[in-house]
Amino acid sequence: MSGQMQFRQEVAKRSFVVAPLSFCLLAGNFPVAAADSPYDSGVKQFGQRNYQQALTFFTSAESAGRRDANTYYYKALCYQQLRDYAKARDLFTYVRTNFPDSDAAVLCEQALVRFNYKPAAPAAASKSDASPPTGAQETVVPFSRYPTGSHIFVRVLVNGQPVTMMLDTGASITTFPQSVLNKAGVKVQAVRNALRVTGVGGETSASVGRVTIQFGEISQSVACCIQDDAVGGAAPETPLLGQTFLSSFNYRINYNANTIQLSRIRPEAVQKPKRGVAAYSRDQNVVPFTREGNLMLVVVKVNGRECEMIFDTGAANVNFSDKTLAALGVNVPINSRRQLSSGVGGNREGYGFTLDEVQMGSVVKNHVRASMASYSTIPKPLLGFSFLEGTDFIVDNESSVLRFSP
């Protein structure tokens, strides 16, 4: 059995390691069954937050010949919890280097990005390399862009289990296909058919529930919707990390470095999403946004004509419905190509073409890929990756602005 498959089976059986709300804190030592191996005993001790004893068991397992990615990853987590950050960083690096195809390596990569991130600070406040991370208020994680290179994929923990999600600013609610939760061993108590969700493909029913998501070192309980994807095309294949999670943070998305920096916003700044008037800024690198429900709306110029769009990192292109394209006064070019647009609610036939110019604030792009989905129910056009590619920006939810790096 491969290390990756073994790791997935293990995390499906147990509450995983770094989501603190998923464990009960008990006094005293966890009773270890005589039949348990040192590794199994270490996992149990870790689950009860007895990190020193867990480390002893994992070291015994290593001495007995168990030298796989999972053992070293757990040891690294034990050292991190015991504040021996130098040893934790060394072991995270060891797993990433020697077991690059394992699921543990993905989590180690996220931990290492956080260790190596040093925010600007006055010289008098500088710290050594072994200083601890900043806790649950700020984190930096890498993201992947596969298979098409447009979408942002991050590795998170959902109720303690590792899951890959697409970071989607255009998703008003965090969304999971039921099959993904089943495969990851995540159980969610949900209310069946509690709402209707709308996407590029139309409308579909979904149940609602609540999960705890661990993003880097930040943990947040969020509302989510769960879609039955037993019928092909009825739901997105990848979970969407949407605004029920993202609206609680300020975050920087750097498409050049492939990293996301997440900072928890001040509690007094948290407001219920509502429609408002966009703030004004003289700085062309600062773009105000308003909210309609949970959706972020920005004013964009398309071929010189102003248009209100949904700011959507989950869209591969600038995407229109036939109605929103007609309202803008833009015709589908004769040489456009037929294609399918996929999203929440299924698929829609449409056309792909190129826009001469798209501008938002100081960002101007020419020959921008666009698509039109026939009979789509999206309320406004989507400003997606074909425009955002190569940018570096901050979503400031406290001030309701986007801040683009010059």
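These are my notebook entries on what I looked up in one predicted protein model.

**Overall composition**

I began with the secondary structure and found ten helices and 21 strands in the protein. I then looked up burial: of the 406 residues, 50% count as buried. For the contacts, I took those between residues at least 6 apart in sequence, and 62% of them join residues at least 24 apart.

**Nonpolar cores**

I looked next at the largest nonpolar core, which holds 61 residues. Within this core, Met 360, Leu 383 and Leu 402 touch the most other members. I listed the contacts of Leu 383, leaving out residues up to four places away in sequence; among them are Val 298, Val 300, Met 309, Ile 310 and Phe 311. The list for Leu 383 also includes Val 318, Val 358, Met 360 and Leu 388, as well as Asp 312. A second core, separate from the first, has 26 residues, including Tyr 39, Phe 58, Tyr 74 and Ala 76. I note the general tendency that in soluble globular proteins nonpolar side chains are buried together.

**Helices H2 and H3**

I followed the second core to helix H2 (38-47), where Tyr 39 is one of the buried residues. H2 is mostly covered, with seven of its ten residues buried. Besides Tyr 39, I recorded Ser 41, Gly 42, Val 43, Gln 45, Phe 46 and Gly 47 as buried in H2.

Just after H2 comes Arg 49, which takes a positive phi of about 65°. I marked this value because it is positive in a residue other than glycine, and I placed Arg 49 in the loop between H2 and H3. Is Arg 49 buried or partly exposed? Its relative accessible area is 26%, so I entered Arg 49 as partly exposed.

Helix H3 covers residues 51-63, and I checked its length. At 1.5 Å a residue, its 13 residues should span 18 Å, and the end C-alpha atoms are 18 Å apart, which agrees. The buried residues of H3 are Tyr 51, Ala 54, Leu 55, Phe 58 and Ala 61. Why do they lie on the same side of H3? They do so because they cover an arc of only 120° around the axis. The general geometry is that an α-helix has 3.6 residues a turn, so residues three or four places apart point the same way. I also looked up what covers the buried residues of H3, and found that the cover includes helix H2 and helix H4 (69-81). Just after H3, Gly 65 takes a positive phi of about 110°.

**Strand S20 and its partners**

I turned to strand S20, of which four of the five residues are buried, so S20 is largely enclosed by the rest of the structure. Strand S9 (residues 249-254) runs antiparallel to S20 and is joined to it by four bridges. As one pair I noted Asn 254, whose bridge partner in S20 is Asp 392. S20 also pairs with S21 in the antiparallel sense, over four bridges. Here Ile 394 has Arg 403 in S21 as its bridge partner. The hairpin of S20 and S21 has four residues between the strands, and in it Ser 400 takes a positive phi near 60°.

**Asn 397**

Asn 397 sits in the loop between strand S20 (392-396) and strand S21 (401-404). Its relative accessible area is 10%, so I entered Asn 397 as buried. I then asked which backbone oxygen lies 3.3 Å from a polar atom of the Asn 397 side chain. That oxygen belongs to Leu 246. Not counting residues up to four places away in sequence, Asn 397 touches Leu 246, Ser 247, Phe 249, Asn 250, Tyr 251, Phe 289 and Arg 291.

**Two loop residues near the first strands in the numbering: Ser 150 and Asn 159**

Ser 150 lies in the loop between strand S1 (138-142) and strand S2 (153-158). I found Ser 150 to be buried, because its relative accessible area is 4%. Leaving aside neighbours within four places in sequence, Ser 150 is in contact with Arg 145, Tyr 255, Ala 316 and Phe 385. I also recorded a separation of 8.1 Å between the C-alpha atoms of Ser 150 and Ala 315, which are 165 residues apart along the chain.

Asn 159 is found in the loop between S2 and strand S3 (161-167). Its phi is near 50°, a positive value in a residue other than glycine. With a relative accessible area of 25%, Asn 159 is partly exposed.

Key
Residues numbered from 1 in each chain as written. Predicted model: local features only at pLDDT ≥ 70, side-chain atom pairs only at ≥ 80, totals over all residues. Heavy atoms only, no water. Core = buried A, V, L, I, M, F, W, Y, C linked by side-chain atoms within 4.5 Å. Buried < 20%, exposed > 50% of the residue type's maximum accessible area, 1.4 Å probe, protein only. Contact = heavy atoms within 4.5 Å. Polar contact = N/O pair within 3.5 Å; in protein donor to acceptor, adjacent residues only side chain to side chain. Expected span 1.5 Å × (residues − 1). Arc of directions from axis to C-beta. Pairing = 2+ DSSP bridges.
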